[in-house]
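Visitor: Could you take me through one part of this structure in close detail? I'd like the contacts and the cut-offs too.

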Amino acid sequence: MSHESIYLTERISARGIKHCLLLPLSAKERTQLRGKRLTKDGIDVILNLPRGGGRLMPGEVLKSENSKVFVSIEAAQEDVIRISSENRLKLLKAAYHLGNRHVEIELHNKELYLLNDVVMKKMLERQGFEIESFKRPFSPEIGAYE
């Protein structure tokens, strides 16, 4: 049994859409608007979205070129590390050093998340941070020029 590929070609409003396939994507994959992906149900889809629309956001809905298939984007589980501190200046310094190395970070009031990286982990431990590892969705700060 062969089936034709499902091309996802348009971003739409999720209002009124009753059934969507779920497409978990990593933070990096959410920046790539073209390419073959696999839904949670194991269905192959091909992203073929117009360039220049910015990264895909969790909760965003895409539709197929024939308007028969709808797919909802979700943030995939990723291996991340968390650093936290009640000392805002210490956390700000960590964010500065990570940004200086062009490391993507997810910012919160008293904690930062970044993808698990041995080199960054060691640097942060040398700065006195306790590092905790998690598997969770990762949504890094969007760059100023995006």
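Guide: Here's a close look at helix 2 and what surrounds the helix. This is a predicted model, where local features need pLDDT of at least 70, side-chain atom pairs count only at pLDDT 80 or more, and totals for chains, interfaces and linings use all residues. Residues are numbered from 1 along each chain as its sequence is written, and side-chain values use heavy atoms, with hydrogens and water left out.

Helix 2 covers residues 118–126; helices here are DSSP runs of H or I with at least four residues, strands are E runs of at least two, and both are numbered from the N terminus. Its buried residues are Met-120, Met-123 and Leu-124, buried being under 20% relative accessible area and exposed over 50%, with partly exposed in between (1.4 Å probe, protein chains only). Looking down the axis of helix 2, these residues sit within an arc of 95°, so they line one face; the arc is taken from the directions from the helix axis to the C-beta atoms. An α-helix has 3.6 residues a turn, so residues three or four places apart point the same way. Val-118 and Arg-126, on the other side of helix 2, are exposed.

So what covers the buried residues of helix 2? The cover includes strand 7 (77–84), helix 1 (88–100), strand 9 (111–115) and strand 10 (131–137), where contact means heavy atoms within 4.5 Å.

Now the ends. Asp-117 caps the N-terminal end of helix 2, with a side-chain oxygen 2.9 Å from the backbone nitrogen of Val-119. After helix 2 comes Gly-128, with a positive phi near 95°.

Conventions: Polar contact = N/O pair within 3.5 Å; in protein donor to acceptor, adjacent residues only side chain to side chain.
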